[in-house]
Amino acid sequence: MKTILALSVSALLLCAGAHAAEHHQPHWDYDAHGPAHWCDFSAICKDGKAQSPIDIKTSETVSIAPSHVIKLNENVQASSQIVDNGHAIQVNVENGGKITVEGVDYQLVQFHFHGKSEEKIDGKQYDLVAHMVHKSAFGNLLVVGVLFEEAKERNAILDAVIKGVGTKTVLNPAALLPKESGRYFHYMGSLTTPPCSENVRWYVMKEIQSATPDQIAAMRKFYDHNYRPVQPLNGRVVESK
Ligand SMILES: [Zn+2]
């Protein structure tokens with residue numbers, strides 16, 4: 001009984017803000033300092049009403065307005081630093097191309113991988129996801145999610161990333177994108193890691209990319225459960241094109 005009481009008291013203290021200062025070196029992870037504790041680092045991880053990832057229920061999506069046009073221009077040879085950032089394998093790119101949405105340019109700044117998809121579609125979690133993080137000149141963020149499923153077809157850019165961790169190389173970010181990049185889900189969400197900042201434009205590609213079992217296993221050797229659980233929609237509408 002004492003144990004149960006102690007546990008529930010500590011659960012009440014969770015994210016109350018009082019013990020955040022006790023951490024000499026605040027850090028977060030997917031284990032002891034996992035998603036339920038991230039509000040220790042940023043209150044919005046718990047209090048935000050427009051958090052990511054989400055489960056996209058396709059029957060509840062609405063058609064995107066015809067005026068909503070995105071242009072992807074990422075077919076470039078980008079200088080790419082491939083790093084293990086402690087939470088994911090991440091590729092920091094210079095001059096990595098851009099996406100233009102309703103006249104606003106968002107430059108690709110990095111892409112990274114989660115060992116299983118964070119976003120779900122109709123409850124289904126995919127085998128891997130790449131998040132391509134873009135930033136506008138005003139600092140607004142836009143993320144393109146590319147889902148992967150285990151299949152026989154090898155993905156060339158995954159090989160380059162896995163082999164190149166810790167090195168600088170040249171990659172073409174467009175190689176990550178599906179052929180049918182004009183079909184996607186769109187919603188407003190957040191970063192899926194602390195500080196969980198909101199007002200992030202999300203585009204989740206509908207066409208699923210393939211990766212071989214050994215590629216997925218190689219990526220998961222770095223991180224196999226670095227995915228945040230899905231978050232409530234809180235009335236948000238997901239648009240579909
Ligand atoms: Zn991500």
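**Helix α3, its partners and two strand arrangements**

In helix α3 of this predicted model, the residues Ile157, Leu158 and Val161 are buried. Around the axis of the helix these residues span an arc of only 100 degrees, and therefore they lie on the same side of α3. This agrees with the regular geometry of such an element: an α-helix has 3.6 residues a turn, so residues three or four places apart point the same way. Ala156 and Lys163, by contrast, are exposed and sit on the other side of α3. The cover over the buried residues of α3 includes the strands β4 (78-84), β5 (89-94), β12 (168-171) and β15 (209-211), together with the helix α4.

The relation between α3 and α4 can be followed in further detail. Helix α3 comprises residues 156-163 and helix α4 residues 213-222, and their axes, which come within 10 Å, cross at roughly 30 degrees. This crossing of α3 and α4 is left-handed. On the α3 side the contact involves Leu158, Asp159 and Ile162, which meet Gln215, Ala218 and Met219 of α4. Sorted by class, the residues in this contact of α3 with α4 are four nonpolar, one polar and one charged. Leu158 thus appears in both descriptions, as a buried residue of α3 and as a member of the contact with α4.

From the helices we turn to strand β14, which runs over residues 198-205 and has six of its eight residues buried, so that the strand is largely enclosed by the rest of the structure. With strand β13 (residues 184-190), β14 pairs in the antiparallel sense over seven bridges, and within this pairing serine 190 has glutamate 198 of β14 as its bridge partner. With strand β11 (residues 141-150), β14 pairs in the parallel sense over four bridges, and here valine 143 is the residue whose bridge partner in β14 is tryptophan 202.

Elsewhere in the chain, three strands form an open sheet with mixed pairing, in the order β1-β8-β9. Strands β1 (55-56) and β9 (124-125) stand at the edges of this sheet, and because each has a single partner strand, one side of each is left without a neighbour in the sheet. The pairing of β1 with strand β8 (residues 120-121) is parallel and consists of two bridges, with aspartate 55 having lysine 120 of β8 as its bridge partner.

Note on methods
Residues numbered from 1 in each chain as written. Predicted model: local features only at pLDDT ≥ 70, side-chain atom pairs only at ≥ 80, totals over all residues. Pairing = 2+ DSSP bridges. Axes fitted to C-alpha atoms, helices over the stretch in contact; angles between N-to-C directions. Left-handed = near helix turned anticlockwise from the far one by under 90°. Contact = placed C-beta atoms within 7 Å. Nonpolar A, V, L, I, M, F, W, Y, C, P; charged D, E, K, R; others polar. Buried ≥ 20, exposed ≤ 12 C-beta atoms within 10 Å, placed from the backbone. Arc of directions from axis to C-beta.
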